Amino acid sequence: MGDFKLPDQTLSAMNDALVENYHNERRGYIGASSIGGSCERRIWNAFHWVDDDTYSAQSIKAIKDGHYSEKVMAGRLRHTPGVRIWVEDTHGGQFSFKDGHISGHLDGKIMGVDADPGVLHVWEHKAVNEKKFNMLVKFVVRDESTALYEWDQTYFAQAQIYMHYFHIPWHYLTCCTPGSRDETSVRTSYDPTAANYYRERGHRIVRANSPPPRISESASWFECKWCPFSGNCHDSKLAKKNCRTCAHSTPLSDGTWRCEKKQKGLNDHEQYAGCEQHLFNPRLVPGEQTDSGTDWVEYRLRSGAFIRNQNAEVTTLPARGG
Ligand code: SF4
Ligand code: SF4
């Protein structure tokens, strides 16, 4: 989401600096938090490092508020009589799982939840705006068993995936407004059919050699409008050069990547850097292939421009008649 410019130049400059200094680590896997996303192509693009995720100052503040709220809530629950909460495993790290290229990290595990105090639950915390918060309250009052699904399918998928991989049949989501002043919760039970659907969905996206269909053919569709891949999907923007956008790379089922050209496995650093033999996966180029040789491909882009891709370079070719 774009940031509006404040009349106060100091705060405007502060927000610019926030964006400038925010470095989000590039994720190498499909996370439990994204596996239920509405657009499969967006999940595939993120997994293939098609472009960098960009964040507005407003989104960065929401992310940071979420981390802050999670800590505050864990602390409050820890001091609640009858409640036991764990946010780290026995080695002091986050509870995590990995299944090939699918991975995830829990906020924690909790016991002593009022409705079923003797039962262990996955604990997940969200900080959301007041409108979204009030919607959750409404869904829980109506029917708690379906509330999480009704409220947010991405969070529902995340909950099912965690319950599946951690073999815990209940999920307890706490939710706060910004500043953690109001709180509510929702309990959800494990649904093996849903969990397997999302697991399979993740593996299918990993196996796909082409980007899945767009969620909409219109760049002005609300999900596309704010998507970091809008230029790649709906315009002539080329993907970033790295091994994951290269025609010679393959994600293997054990969670690693392999280069068929060099006949070797690729670590994260190598994947990020790519090499001088990088050749775009043709399905990632926003246009049609017009010619090719042993180590080069030519395209006509959506914009009408002709390009040649060879040895990690893209050169614009002279315009052609007809
Ligand atoms: S621009 Fe639209 S179709 Fe493309 S990845 Fe984003 S949400 Fe999906
Ligand atoms: S050819 Fe180079 S850029 Fe392509 S996958 Fe192999 S190492 Fe990566």
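**View 1. Who sits around ligand 2 in this predicted model.** Start with the ring of neighbours: C243, C246, H248, S249, C259, G274, C275, Q277 and H278 are the residues around ligand 2. What does this shell look like by class? Five of its residues count as polar and four as nonpolar, and charged residues are absent.

**View 2. The surroundings of ligand 1.** Here the neighbours are C39, R42, N45, R214, I215, E223, C224, C227, S230, C233 and H234. Three elements each hand two or more residues to this shell: α2 (40-47), α8 (222-225) and α9 (230-234). Which of the elements gives the largest share? That would be α9, with three residues. Sorted by class, the shell around ligand 1 holds five nonpolar, three polar and three charged residues.

**View 3. Helix α5 against helix α6.** Now move to a pair of helices. Helix α5 covers residues 144-151, and it packs on α6 at an angle of about 120 degrees. The two axes are 5 Å apart. With that angle, α5 counts as oblique to α6. On the α5 side, look for L148, Y149 and W151; they meet Q153, Y155, F156 and A159 in α6. Six residues of this contact are nonpolar and one is polar, with no charged ones.

**View 4. Helix α6 again, this time with helix α7.** Helix α6 spans residues 153-166 and helix α7 spans residues 192-207. Their axes come within 8 Å and cross at roughly 100 degrees, so α6 and α7 are roughly perpendicular to each other. From α6, the residues to pick out are Q153, F156, A157, Q160, I161, H164 and Y165. Across from them, α7 brings A194, A195, N196, Y198, R199 and H203. By class, that contact of α6 with α7 comes to seven nonpolar, five polar and one charged residues. Q153 and F156 turn up in the α6 lists for both α5 and α7.

**View 5. Where the two domains meet.** Step back to the whole chain for a moment: the domain assignment splits off domain 1 (29-207) and domain 2 (236-316). Their C-alpha centres lie 35 Å apart. The contact draws on 12 residues from domain 1 and 18 residues from domain 2. How much area do the two domains bury between them? About 1200 Å², with 57% of it on carbon and sulfur atoms. On the domain 1 side, keep an eye on H48, W49 and H101. Those residues supply 48% of the area that domain 1 buries against domain 2, more than any other three residues.

How values were computed:
Residues numbered from 1 in each chain as written. Chains lettered and ligands numbered in written order. Predicted model: local features only at pLDDT ≥ 70, side-chain atom pairs only at ≥ 80, totals over all residues. Heavy atoms only, no water. Near = heavy atom within 4 Å. Nonpolar A, V, L, I, M, F, W, Y, C, P; charged D, E, K, R; others polar. Axes fitted to C-alpha atoms, helices over the stretch in contact; angles between N-to-C directions. Helix = DSSP H or I, 4+ residues; strand = E, 2+ residues; numbered from the N terminus. Parallel < 35°, antiparallel > 145°, perpendicular 65-115°, else oblique. Contact = heavy atoms within 4.5 Å. Domains from an automatic or database assignment. Buried area = accessible area lost by both parts, 1.4 Å probe.
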